[in-house]
Amino acid sequence: MSYNSSVYNEDYYKSHCGDNYERGNGWEEIFARQADRIVREINPTTTLDVGCAVGYLVEGLRDRGVDANGIDISSYAISKAREDIKPFCKVKSATDVIEGKYDLITCIEVMEHLVPEDFTVAIENMCNATDTIIFSSTPFDYNEESHFSINPPSFWVEKFAYNGFYHDVEYDCSYIAVQAMLFRRADKGKIELIRTYEEKLFGLWRENCTLRDSVNLLNARINDLDRGNIEHAQEVYRYNETITQLNARLQSRQEEQEGLFQQRVEQISGEYAREILRGNETIA
């Protein structure tokens, strides 16, 4: 099986989870913010986090008064749960039957670690134990060696639909991840599904068109400013050339005046010297 405890040991949690997946590195705060949104917007009384790792989301929910529990295949991860949270986090596989019913099940970045025969069972288990599921599975991270099932959100939507769960397209789960979705149990016909998705699609399309028009207008304004900057730069260049020419003419004129002044000084000095000489001759 792809999903086994030996893979998710101490080394995995220190080298395969981005930043060191230990306390004091901001993870508690991240999951606390997620817990805030879940409590405020979904308001579950009981929850189960499938693939809870060290229990950050479980503790975040329990700190906010939710009867939260978690399961994970990794005995190492469970051993690192906060002491008061450990009784509520169990070593258990997602492929094992889930006992009891929960208002909400969360499964965040788990299914990509399972091969199809495993995640099919895991999804059935979750769907049998609740009517509401927050689900997220990366569609991007192909480089992680423990990832066996990288699929787009549409793939998972289909898998949940087989179990009578449909993506609530009106609920924004992006506070967890861009690919995160909220699934609800529902008995929907094709017409209702098409209408729901088309309404959401049109809203997103209209928003996209508005944003695209805004970007085009901004690009046009930037181009106008660029042209203005070029024209301004050219004008400044012409002014600088004119100033340079004027400075050259001024320098030349100054040199010319200095030359004339020197000549006049020499002329006056010569005349003065001759006057003195004539005066001296007269006296003699």
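**Figure 1. β1, helix α3 and β2 form a right-handed β-α-β unit.** In this predicted model, helix α3 covers residues 56-62. Strand β1 comprises residues 46-50, and strand β2 comprises residues 67-72. The two strands run parallel and are joined by five bridges. Within this pairing, V50 of β1 stands opposite I71 in β2.

**Figure 2. Strand β1 also pairs with strand β4.** Strand β4 consists of residues 104-108. Three bridges connect β1 and β4, and the pairing is again in the parallel sense. Here T47 is placed opposite L104 of β4.

**Figure 3. Strand β1 is mostly covered.** Five of the five residues in this strand are buried, that is, each has under 20% relative accessible area. The side to which each residue points divides the strand into two groups. T46, L48 and V50 point one way, whereas T47 and D49 point the other way. Residues of both groups are buried.

**Figure 4. The chain as a whole contains seven helices and seven strands.** Along the sequence, these elements follow the pattern α-α-β-α-β-α-β-β-α-β-α-β-β-α. The C-alpha trace spans about 140 × 50 × 35 Å along its principal axes. The radius of gyration of the chain is 40 Å, whereas a compact globule of 284 residues would have a value near 19 Å. Of the 284 residues, 36% count as buried. Among contacts between residues at least 6 apart in sequence, 65% join residues at least 24 apart. The accessible surface of the chain comes to about 17,500 Å², and carbon and sulfur atoms account for 53% of this surface.

Definitions and conventions. Residues are numbered from 1 along each chain as its sequence is written. This is a predicted model: local features need pLDDT of at least 70, side-chain atom pairs count only at pLDDT 80 or more; totals for chains, interfaces and linings use all residues. Side-chain values use heavy atoms; hydrogens and water are left out. Buried means under 20% relative accessible area, exposed over 50%, partly exposed in between (1.4 Å probe, protein chains only). Helices (H or I, at least four residues) and strands (E, at least two) are DSSP runs, numbered from the N terminus. Two strands pair if DSSP finds at least two bridges between them. A crossover is right-handed if, with the strands pointing away from the viewer, the path from the first strand over the helix to the second runs clockwise. The radius of gyration is taken over C-alpha atoms; the globule rule is 2.2 Å times the number of residues to the power 0.38. Contact means heavy atoms within 4.5 Å. Accessible areas come from the Shrake-Rupley method with a 1.4 Å probe; for residues, only the protein chains shown count as cover.
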